There are 2 protein chains.
Amino acid sequence: MKDLAKKLGANIRVKRKEVGLAQDKLAELADMDRSYIGRIERGEMNITVEKLYSLAIVLKCKPKDLLP
Amino acid sequence: MKDLAKKLGANIRVKRKEVGLAQDKLAELADMDRSYIGRIERGEMNITVEKLYSLAIVLKCKPKDLLP
């Protein structure tokens with residue numbers, strides 16, 4: 001499952017860059033700490049489905065589009 | 001987001017019944033506590049993406065198919 005977190009984090013990073021957001025802006029808009037976003041993108045966090053939805057809203061995509 | 005947990009739980013319950021599994025069997029196969037499965041299905045839990053994947057494996061579906 002470690003692999004899952006890494007792939008999910010990578011997907012979030014790719015989508016974040018696609019929509020032109022810096023980590024701190026994504027963190028602000030998703031109401032999360034910037035360092036938390038960094039850890040998510042590095043695959044260090046096992047996020048909840050709720051956080052997945054919060055990120056997808058800011059990244060203007062469907063939550064399932066972020067899933068590996 | 002409360003609504004998210006309720007819808008996700010309902011989807012998991014529908015899929016569980018579709019594949020003919022009782023809660024305790026799903027719990028056993030997904031390596032979770034039976035009462036935890038009950039709380040997930042009632043929308044009382046904000047599960048992790050990792051747990052979503054574990055459940056999808058047992059329910060023989062794609063994780064995204066369980067997402068509302």
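This passage walks through a predicted model, starting with the contact between chain A and chain B and then turning to one helix and two single residues.

To begin with the contact, each partner puts in its share: 16 residues come from chain A and 16 residues from chain B. Putting the two chains together buries about 1500 Å², and carbon and sulfur atoms give 70% of that area. As for charged pairs, the count of salt bridges between chain A and chain B is zero. Polar contacts do turn up, though, with eight residue pairs found across the interface, both partners at pLDDT 80 or more. On the chain A side, the helices α1 (2-18), α4 (49-58) and α5 (63-66) each supply at least two of the residues that touch chain B. The largest share of that side belongs to α4(A), with six residues. Sorted by class, the side of chain A that touches chain B has 11 nonpolar residues, three polar ones and two charged ones.

Next comes helix α3 of chain A, which spans residues 34-41. Its buried residues are Ile37(A), Gly38(A), Ile40(A) and Glu41(A). These cover an arc of only 160° around the axis, so they sit on the same side of α3(A). The general rule behind such patterns is that an α-helix has 3.6 residues a turn, so residues three or four places apart point the same way. What covers the buried residues of α3(A) includes α1, α2 (23-29) and α4 of chain A. After the helix comes Gly43(A), which has a positive phi, near 80°.

One of the residues buried in α3(A), Glu41(A), is also touched by Arg16(A). Arg16(A) itself belongs to helix α1 of chain A. Is this arginine buried or exposed? Arg16(A) counts as buried because its relative accessibility is 7%, and the cut-off for buried is under 20%. Its side chain reaches the backbone oxygen of Leu21(A) at 2.9 Å. Setting aside residues up to four places away in sequence, the residues that Arg16(A) touches include Ala22(A), Gln23(A), Leu26(A) and Leu59(A).

Over in chain B, Ala5(B) lies in helix α1, residues 2-18. With a relative accessibility of 14%, Ala5(B) counts as buried too. Leaving out neighbours within four places in sequence, Ala5(B) is in contact with Ile40(B), Gly43(B) and Met45(B). Further along the chain, 12 residues from Ala5(B), is Lys17(B), and the C-alpha atoms of this pair are separated by 18 Å.

Key. Residues are numbered from 1 along each chain as its sequence is written. Chains are lettered from A and ligands numbered from 1 in the order in which they are written. Side-chain values use heavy atoms; hydrogens and water are left out. Contact means heavy atoms within 4.5 Å. Buried area is the accessible area (1.4 Å probe) that two parts lose on being put together, summed over both. A salt bridge is a side-chain nitrogen of Lys or Arg within 4 Å of a carboxyl oxygen of Asp or Glu. A polar contact is a pair of N or O atoms within 3.5 Å; within protein, one must be able to donate a hydrogen and the other to accept it, and residues adjacent in sequence count only if both atoms are side-chain atoms. Helices (H or I, at least four residues) and strands (E, at least two) are DSSP runs, numbered from the N terminus. Ala, Val, Leu, Ile, Met, Phe, Trp, Tyr, Cys and Pro count as nonpolar, Asp, Glu, Lys and Arg as charged, and the others, Gly among them, as polar. Buried means under 20% relative accessible area, exposed over 50%, partly exposed in between (1.4 Å probe, protein chains only). The arc is that of the directions from the helix axis to the C-beta atoms.
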